[in-house]
Amino acid sequence: MRVGRVFLCLAVLGSSILAISPVQASEACKFVGEAKGPDGKQSACVRVNGNYSWINYPKKKINKLSSYEKTKLKAYQEIRKAISKKPLQNIKLQYSISESISSELKKEFIQKTEIASQLYDQFFTQPEIINVYFQTNKDQNYIRNHPLMGRDASDFDQWFKDWDTGTNRNHLIGLIAKYVEFDGKAQGHTGVLISAGSSKASLGLYAQQVVAHEYFHVIQDRYKYQRDKLGYEISPTGFDRYYPPIFREGSANTIATAVSMRTFEDYLLFYQIFISANTGTWSP
Ligand SMILES: [Zn+2]
């Protein structure tokens, strides 16, 4: 499985966070990034038809939303409605958390994992152990020697290098997302990789959904576990032919973003950053 490659596609979408004082939406800005106003309102500098502009989403009444925004609201609300408040029936979480991670981020990531579990638990039909890893650039030995992560560890070399020198600390990277046999038992494995120097404030909006995103791949992999055991053709398209990226990444993005964004306005802004990073335009 070429899951390691898939993780990295998440990383390149993030952009540098700039310590810019907030400006009005639609005013020109020079670099892709995000900023928070004194009122706590989040803005993003994105490419709008080839030019960089600040955008934000003020809270609006439902009857003032565009038809696009109404559709997004429906998706956001429907997915969040499915988050159960009952105790977990199937998932048992086992954490492996680096000692180098800041306590505020540790708390944040555990919270994200727990919210996602309240939804994902319903996708399993029997008890499952989910191993959850939060690791940093200070844990390279652990990652390189890990029986499951070691094989793809070189994918992270550039991040380790950057983070050791204090750059690109705004990124949160998918570390692992698998449902495989390990120690004689099939279990889920999900996790993220972060700079030991990162703080909650240094992470962008994009980073907020990575924990739930990687975790969702474990659900997908549970459902295709029997097919996975047969293996895939060794070619760039072997795996993608069975599991087209639109299903794999599209579903993970759709679910994880709704589960992770704290407000509907953040959810809309996230999608604009996402679309802008992918197309260089702002739509709609
Ligand atoms: Zn993914």
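**Entry 1: the N-terminal strands**

I began with strands S2 and S3 (residues 51-56), which pair in the antiparallel sense over six bridges, in what is a predicted model. To fix the register I looked up Arg47 and found that its bridge partner in S3 is Tyr52. The two strands form a hairpin with two residues between them, and in that turn I noted Asn49, whose phi is positive at about 50 degrees. I then followed S2 (residues 42-48) to its pairing with strand S1 (residues 33-36), which is also antiparallel and runs over four bridges. Here the register can be read from Ala35, which stands opposite Ser43 in S2.

**Entry 2: the four-stranded sheet**

Next I traced the open sheet, in which four strands follow the order S4-S5-S7-S6 with mixed pairing. Its edges are strand S4 (91-97) and strand S6 (172-182), each of which pairs on one side only. I recorded an average twist of 20 degrees from one strand to the next. Inside the sheet I looked at strand S5 (residues 128-136) and strand S7 (residues 185-194), which run parallel and are joined by seven bridges. For the register of this pair I took Tyr133, whose bridge partner in S7 is Gly191.

**Entry 3: helices on the sheet**

I then asked which strands helix H3 lies across. Helix H3 (residues 103-120) lies across S4, S5 and S7, and I noted that it runs at about 160 degrees to S4. Helix H6 (residues 210-223) also packs on the sheet, where it touches S5, S6 and S7, and its direction makes about 20 degrees with that of S6.

**Entry 4: H3 against H6**

Turning to the two helices themselves, I found that the axes of H3 and H6 come within 9 Å and cross at roughly 35 degrees, and that H3 passes H6 in a right-handed crossing. On the H3 side the contact is made by Phe109, Lys112, Thr113, Ala116 and Tyr120, while H6 contributes Val211, Ala212, Tyr215 and Ile219. Sorted by class, this contact of H3 with H6 holds seven nonpolar residues, one polar and one charged.

**Entry 5: H6 and H2, length and burial**

I checked the length of H6, which has 14 residues and reaches 21 Å from its first C-alpha to its last, close to the 20 Å expected at 1.5 Å a residue. Is H6 mostly covered or in the open? I found H6 mostly covered, with 12 of its 14 residues buried. Among the buried residues are Val211, Ala212, Tyr215 and Ile219, which I had already listed in the contact with H3, and they also include His213, Glu214, Asp221 and Arg222.

I set helix H2 (residues 67-81) beside this and ran the length check again: at 1.5 Å a residue its 15 residues should span 21 Å, and its end C-alpha atoms are 21 Å apart, which agrees. Why do I describe H2 as lying largely in the open? Of its 15 residues the number buried is one, so H2 lies largely in the open, where I take buried to mean 20 or more other C-beta atoms within 10 Å of the residue's own.

**Entry 6: the whole protein**

Last, I noted the totals: the protein has 10 helices and seven strands, and buried residues make up 33% of its 284 residues. Of the contacts with a separation of 6 or more, 73% are accounted for by residues 24 or more positions apart.

How values were computed
Residues are numbered from 1 along each chain as its sequence is written. This is a predicted model: local features need pLDDT of at least 70, side-chain atom pairs count only at pLDDT 80 or more; totals for chains, interfaces and linings use all residues. The expected span of a helix is 1.5 Å times one less than its number of residues. Two strands pair if DSSP finds at least two bridges between them. Axes are lines fitted to C-alpha atoms, for helices over the stretch in contact, and angles run from 0 to 180 degrees between N-to-C directions. Two residues are in contact if their C-beta atoms, placed from the backbone, lie within 7 Å. A crossing is left-handed if the near helix is turned anticlockwise from the far one by less than a right angle, and right-handed if clockwise. Ala, Val, Leu, Ile, Met, Phe, Trp, Tyr, Cys and Pro count as nonpolar, Asp, Glu, Lys and Arg as charged, and the others, Gly among them, as polar.
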